[in-house]
Amino acid sequence: MIELLSIEKQELEALLSEWKEPRFRAAQIMDWLKKGVRPEQMGNIPKGLREKLSALPFGGVKLIETLYSKKDDTAKMLYELEDGNIVECVLMRYSYGNTLCISTQAGCRMGCAFCASTLNGRVRDLTAGEMLSEVLETEKNFEHGEDRKRTVTNIVMMGSGEPLDNYENTVRFLRRATAEDGLRISPRNISLSTCGIVPRIMSLIDDAPHITLCISLHAPNNEIRDRLMPINSKWRMEELLPAAKAYADATGRRVIFEYALVDKVNSSEECAKELASRLRGINCHVNLIPLNSVKERALNGVSREYAHSFEGYLNKRGISATVRRELGTDIEGACGQLRNRRISERNTNSQNKGNTENC
Ligand code: SAH
């Protein structure tokens, strides 16, 4: 049964006609839903219809904790799903607006060697409504006080989870986020990051041609990528790079390659040279970031100074690259770190109570 926050207008119209309710109610209901309002609070909807709507699942998330960075203006939110699972979001302030990094799955099954989100595997996919609710609840969270202006202008799908491993919900979310009767965020202000599920990248050419596609590359060749990202055994770089090029060529949008610099693994000048030669001819930009060390993983980042040297090696070879700002390092800004801490706290508490709650 579809949840209210995921529903699209034509689906709601079909439901209303099944219920023998007037069609014009669809626009009124959509108006409430885009603000995250539950049926009980839909003032202009008759009680009988409100009750029918209340019987459907809603799909919202609930804020359980906000952490503010003391170093910069970043805030991290932990949200609880209706079934008790937890996901996290990060709100970053830039000169051009506020960017919210959302999660697309609880956990992740992609197994990247450096990532905290994948340590306990994937628990479940998020629905489109839950992703939308991450945005709506964040806006509510910052509605008051001096943070009033913190509306979400940009979205990056770079939190926990692999969006293209949850394709239908991801694409539905993109429609709801950009729709006139949805969040009305320009697709150009939405970035989707993938570890490289090639056929899904190709589907995005039709399903989401106006977004910014980011590809987590992290290596100049298969040998190094195999060590860091299990997905590389399924979709090799010989298939991934042409898919990136196909997206860029078909949509006219520059593709972003993400590259986390791991000391002694992918960060030598030789690696930069090989990367530059493989990316030549693709309309792209490389986002460099020193790997954020995760305590469970035995991999280390490079210094920011060195990251700038690597940037120089790429620029010298005609590849546009920048070192990404690191935000929220004091609030466990990297993927999945805070969620993991919270889950292990919960498990410790529940073990103490002799119960085996599973999140
Ligand atoms: N599954 C998607 C999106 C989630 S991860 C993907 O793989 O792209 C968002 C980005 O953070 C990815 O580029 C991922 O490789 C990167 N990342 C994960 N853990 C990191 C870490 N410890 N340090 C730096 N970047 C990391």
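**Exercise 1.** In this predicted model, work out how helix α6 (residues 198–207) and helix α8 (residues 237–251) pack: at what angle, and how far apart are their axes?

*Solution.* Start with the general recipe: a pair of packed helices is described by the angle between their axes together with the distance between those axes. For α6 and α8, the angle is about 5 degrees and the axes lie 9 Å apart. Next, apply the cut-off: angles under 35 degrees count as roughly parallel. Therefore α6 is roughly parallel to α8.

**Exercise 2.** Find which residues of α6 and α8 make this contact, and sort the contact by class.

*Solution.* Take α6 to begin with: Val198, Ile201, Met202, Leu204 and Ile205 contribute from that helix. From α8 come Glu239, Leu240, Ala243, Ala246, Tyr247 and Ala250. Sorting the contact of α6 with α8 then gives 10 nonpolar, no polar and 1 charged residues.

**Exercise 3.** Now turn to the ligand: describe its shell by class, then find which residues come nearest.

*Solution.* The shell holds 7 nonpolar, 7 polar and 2 charged residues. Of the 16 residues around the ligand, those that come nearest are Gly161, Ser193, Ser216, His218 and Asn292.

**Exercise 4.** Locate the ligand atoms approached by Phe114, Gly161 and Glu258, and state how much of the ligand the protein buries.

*Solution.* Go through the backbone first. A nitrogen atom of the ligand lies 3.1 Å from a backbone N or O atom of Phe114, and a backbone N or O atom of Gly161 is 3.0 Å from a ligand nitrogen atom. Then take the side chain: Glu258 places a polar side-chain atom 3.0 Å from an oxygen atom of the ligand. Finally, the ligand taken alone exposes 530 Å², and the protein buries 93% of that.

Note on methods: Residues numbered from 1 in each chain as written. Predicted model: local features only at pLDDT ≥ 70, side-chain atom pairs only at ≥ 80, totals over all residues. Heavy atoms only, no water. Axes fitted to C-alpha atoms, helices over the stretch in contact; angles between N-to-C directions. Helix = DSSP H or I, 4+ residues; strand = E, 2+ residues; numbered from the N terminus. Parallel < 35°, antiparallel > 145°, perpendicular 65-115°, else oblique. Contact = heavy atoms within 4.5 Å. Nonpolar A, V, L, I, M, F, W, Y, C, P; charged D, E, K, R; others polar. Near = heavy atom within 4 Å. Polar contact = N/O pair within 3.5 Å; in protein donor to acceptor, adjacent residues only side chain to side chain. Areas by Shrake-Rupley, 256 points an atom, 1.4 Å probe, with all protein chains shown as cover.
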